[in-house]
Amino acid sequence: VRHVIAVGAGKGGVGKSTVAVHLALALQQAGLRVGVLDADIYGPSVPVLMGIEDGARQVTMTTEHQIRPLKALGLAVVSFGFFLGAKSPAVWRGPLVGKAVKQFARGVGWPELDVLVVDLPPGTGDVPLSLAEAIEVDGAVVVTTPQRLATLEAGKAIEMFRKLGVPVLGLVENMSEAVCECGRTSHPFGQGGGAALSDKMGCPLLARVPFEERTVSGGDAGTPAMIEDPDGAGAFAFRTLARQVCEA
C-alpha cells in the first residue's frame with residue numbers, strides 16, 4: 001500500500017461513508033489501484049454501500065493467517081461488518097477497540113495498491129488514535145455538512161488529526177445543496193458552513209457535494225452514483241475531490 005487516506009467526521013449522519021466509497025471509486029476511475037478499509041467498528045456501512053452485505057460468507061484467510069480482501073466494484077474491500085454480523089453491535093470497551101483496530105490494520109493481505117481509503121467512525125475516540133499508531137496515515141479528509149452543529153464537530157476532528165501528526169488534506173461539504181426537478185436550488189442543511197470552517201481552520205475546501213436522491217437510493221441499493229450516474233452533479237463533485245486529493 002503506497003498511500004493511506006483516512007476519511008473522518010466530527011459527528012455521525014454527515015455522509016462520511018458515502019464520501020469514502022465515492023472517493024475510492026473516483027480515484028479508481030483516475031487510473032489508480034484502490035482499496036477500502038471500513039474501520040467504522042460501531043456502524044460499518046461499506047458492505048451496504050458496495051453491495052456486499054453477504055461479505056461475511058465470502059471472507060477467507062491466506063496461508064499467513066491474514067484476511068483476504070473481497071473484490072467489489074473493482075476495489076479491494078475489507079470491513080469490520082464482515083466479522084460483526086448484520087445484527088451484532090460492537091459493545092466493546094476502549095482497550096478492546098484499540099487492540100482490534102491495530103490487528104485489523106495490520107492483518108490484511110492487501111494486493112498492490114496505490115491508495116487505501118480508510119473509513120473511520122465519527123468522533124475523536126479510540127479508533128483514529130489506534131489507527132495512527134498502527135500504520136502511517138498520509139492524509140485525512142474531514143466530512144461535514146453546512147449545518148453549524150456539524151461544522152463545530154468537524155473542527156474538533158481536524159484538530160485531532162493535527163495532534164496525531166496526520167496532515168489534513170481538507171474538508172468536504174456534503175449535502176451542500178439540493179436541486180428540485182423544477183430547477184430551484186435549496187439548502188436544507190444551511191449554507192456556507194464548509195467555507196466558513198475552511199477559513200477558520202486554515203484548510204482547503206476540497207469539494208461541495210450536492211444532496212441528490214440518486215446518491216441516497218444508490219447507497220441503499222449498493223449501486224453508487226459514481227457508477228450508475230457518472231454524468232451527474234454528485235459524480236462530478238467526487239471526481240473533483242479525487243483530483244484535489246491527488247494534487248495534495
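Mentor: Accessible areas here come from the Shrake-Rupley method with a 1.4 Å probe. Keep in mind that the structure above is a predicted model. With that idea in hand, the accessible surface of the protein comes to about 11500 Å², and carbon and sulfur atoms account for 51% of that surface.

Trainee: What percentage of the 248 residues count as buried?

Mentor: A residue is called buried when its relative accessible area is under 20%. By that cut-off, 52% of the 248 residues of the protein count as buried.

Trainee: How do I read the overall form, and what radius of gyration does the protein have?

Mentor: The general idea is to set the computed value beside the one a compact globule of this length would have. For 248 residues that expectation is near 18 Å, and the protein has 17 Å, which agrees. Along the principal axes, the C-alpha atoms fill a box of roughly 55 × 40 × 35 Å. The protein contains 11 helices and 12 strands, and among contacts between residues at least 6 apart in sequence, 77% join residues at least 24 apart.

Trainee: Let us take one helix. How far apart are the end C-alpha atoms of helix H7?

Mentor: A helix can be checked by its rise, taken as 1.5 Å a residue. The 16 residues of H7, residues 148–163, should therefore span 22 Å, and the end C-alpha atoms are 23 Å apart, which agrees. Just after the helix comes Gly165, whose phi is positive, near 80 degrees.

Trainee: Which residues of H7 are buried, and what do they pack against?

Mentor: In general, an α-helix has 3.6 residues a turn, so residues three or four places apart point the same way. In H7 the buried residues are Ala150, Thr151, Ala154, Gly155, Ala157, Ile158, Met160 and Phe161. The elements that the buried residues of H7 pack against include strand E1 (3–9), strand E8 (139–144) and helix H8 (193–201).

Trainee: Where does Thr151 lie, and which residues is Thr151 in contact with beyond its neighbours within four places in sequence?

Mentor: Thr151 lies in helix H7 and is buried, with a relative accessible area of 11%. Leaving those neighbours aside, Thr151 is in contact with Thr144, Thr145, Pro146, Gly193, Gly194 and Leu197. Gly194 shows how a fold brings distant parts of the sequence together, for Thr151 and Gly194 are 43 residues apart in sequence, while their C-alpha atoms are 7.0 Å apart in space.

Trainee: Is Thr145 buried or exposed?

Mentor: Thr145 has a relative accessible area of 3%, so this residue is buried, although its place is in a loop, the one between E8 and H7. Beyond four places in sequence, the residues that Thr145 touches include Val14, Thr151, Asn174 and Phe189. Asn174, in turn, belongs to strand E9 and counts as buried at 6% relative accessibility. With the same neighbours set aside, Asn174 touches several residues, among them Val14, Gly15, Thr145 and Val209.

Trainee: You mentioned phi for a glycine; what is the phi of His65, which is not a glycine?

Mentor: His65 has a positive phi of about 65 degrees. This residue sits in the loop between strand E3 (60–61) and strand E4 (67–68) and is exposed, with a relative accessible area of 68%. Leu73, also not a glycine, has a positive phi of about 55 degrees; Leu73 is in the loop between strand E5 (70–72) and strand E6 (75–79), and at 31% relative accessibility it counts as partly exposed.

Note on methods
Residues numbered from 1 in each chain as written. Predicted model: local features only at pLDDT ≥ 70, side-chain atom pairs only at ≥ 80, totals over all residues. Heavy atoms only, no water. Helix = DSSP H or I, 4+ residues; strand = E, 2+ residues; numbered from the N terminus. Expected span 1.5 Å × (residues − 1). Buried < 20%, exposed > 50% of the residue type's maximum accessible area, 1.4 Å probe, protein only. Contact = heavy atoms within 4.5 Å. Rg over C-alpha atoms; globule rule 2.2 N^0.38 Å.
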